[in-house]
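Here is a short, friendly tour of a protein model, meant to be read with the structure open beside you. Take the topics in any order you like.

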Amino acid sequence: MKASKYILSNIQPGETLVRVMSVGGLTRGWFSDIPEVALTDKRIFARTTQGESFSFPASKIKNVEVRPNSG
């Protein structure tokens, strides 16, 4: 997936974009209003459709699992 302007403009100096995942409309609950999530070598970040953003540092993440059609 191609990264949006939001993702590209929020890459921090020294950070490398690893993957962009489209999740909007594919999930229920907490991620249901997030159109895309960016995974870098230092963190995971995204913005909701309401304009709120979040970021998790890689040092706090134990694993990431993407399971299509599983929510």
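Phenylalanine 54 is a good place to begin in this predicted model: with a relative accessible area of 16%, phenylalanine 54 is buried, because buried means under 20%. From there we can move out to the fold, the sheet and a few individual residues.

**The overall fold**
- The protein has one helix and four strands, and along the sequence they follow the pattern α-β-β-β-β.
- Of its 71 residues, 27% count as buried.
- If you look at the contacts in the protein with a separation of 6 or more, residues 24 or more positions apart account for 29% of them.

**The sheet as a whole**
- In what order do the strands form the open sheet? The order is β1-β2-β3-β4, and the pairing is antiparallel.
- The edge strands are β1 and β4 (53-57), each of which pairs on one side only.
- From one strand to the next, the twist averages 15 degrees.
- As a general reminder for viewing, side chains in a regular strand alternate between the two faces of the sheet.

**β1 and β2**
- Five bridges link β1 with strand β2 (residues 36-40), in the antiparallel sense.
- Within this pairing, methionine 21 has valine 37 of β2 as its bridge partner.
- Valine 37 belongs to strand β2 and is buried, with a relative accessible area of 8%.
- Valine 37 and arginine 19 are 18 residues apart along the chain, and their C-alpha atoms are separated by 8.4 Å.
- Isoleucine 34 sits in the loop between β1 and β2. Is isoleucine 34 buried or exposed? Its relative accessible area is 1%, so isoleucine 34 is buried.
- Isoleucine 34 and serine 22 are twelve residues apart in sequence, while their C-alpha atoms are 8.3 Å apart in space.

**β2 and β3**
- A hairpin joins β2 to β3 through two residues.
- These strands pair in the antiparallel sense over three bridges.
- Alanine 38 stands opposite phenylalanine 45 in β3.
- β3 is mostly covered, with four of its five residues buried.

**β3 and β4**
- Strand β3 (residues 43-47) and β4 are antiparallel partners over five bridges.
- They form a hairpin with five residues between them. In the turn, glycine 51 has a positive phi of about 95 degrees.
- Which residues of β4 can you use to follow the pairing? Proline 57 in β4 stands opposite arginine 43, and phenylalanine 54 in β4 stands opposite alanine 46.

**Aromatic rings and a charge over a ring**
- How many aromatic pairs does a search of the whole structure find? The search finds two.
- One aromatic pair is formed by phenylalanine 54 and phenylalanine 56, whose centres are 5.3 Å apart.
- The planes of phenylalanine 54 and phenylalanine 56 are 55 degrees apart, and the pair counts as tilted because that angle is neither under 30 nor over 60 degrees.
- Phenylalanine 54 is buried, whereas phenylalanine 56 counts as partly exposed, at 39% relative accessibility.
- Arginine 43, which we met opposite proline 57, lies over the face of phenylalanine 45 at 4.0 Å from the ring centre.
- Phenylalanine 45 therefore appears twice in this briefing: arginine 43 lies over its face, and alanine 38 stands opposite it, a pairing that counts because DSSP finds at least two bridges between the strands.

**Glutamate 15 and its surroundings**
- Where is glutamate 15 placed? Glutamate 15 is in the loop between α1 (5-9) and β1 (17-22).
- At 8% relative accessibility, glutamate 15 counts as buried.
- A polar atom of the glutamate 15 side chain lies 2.8 Å from the backbone nitrogen of glutamine 12.
- Not counting residues up to four places away in sequence, glutamate 15 touches Asn10, Thr40, Asp41, Lys42 and Arg43.
- Arg43 is thus a residue to keep in view, because contact means heavy atoms within 4.5 Å and glutamate 15 touches Arg43.

Definitions and conventions
Residues are numbered from 1 along each chain as its sequence is written. This is a predicted model: local features need pLDDT of at least 70, side-chain atom pairs count only at pLDDT 80 or more; totals for chains, interfaces and linings use all residues. Side-chain values use heavy atoms; hydrogens and water are left out. Rings of Phe, Tyr and Trp (its six-membered ring) pair if their centres lie within 6.5 Å; planes under 30 degrees apart count as stacked, over 60 as edge-to-face and the rest as tilted. Buried means under 20% relative accessible area, exposed over 50%, partly exposed in between (1.4 Å probe, protein chains only). A charge sits over a ring if NZ of Lys or CZ of Arg is within 6 Å of the ring centre and within 35 degrees of the ring normal. A polar contact is a pair of N or O atoms within 3.5 Å; within protein, one must be able to donate a hydrogen and the other to accept it, and residues adjacent in sequence count only if both atoms are side-chain atoms. Axes are lines fitted to C-alpha atoms, for helices over the stretch in contact, and angles run from 0 to 180 degrees between N-to-C directions.
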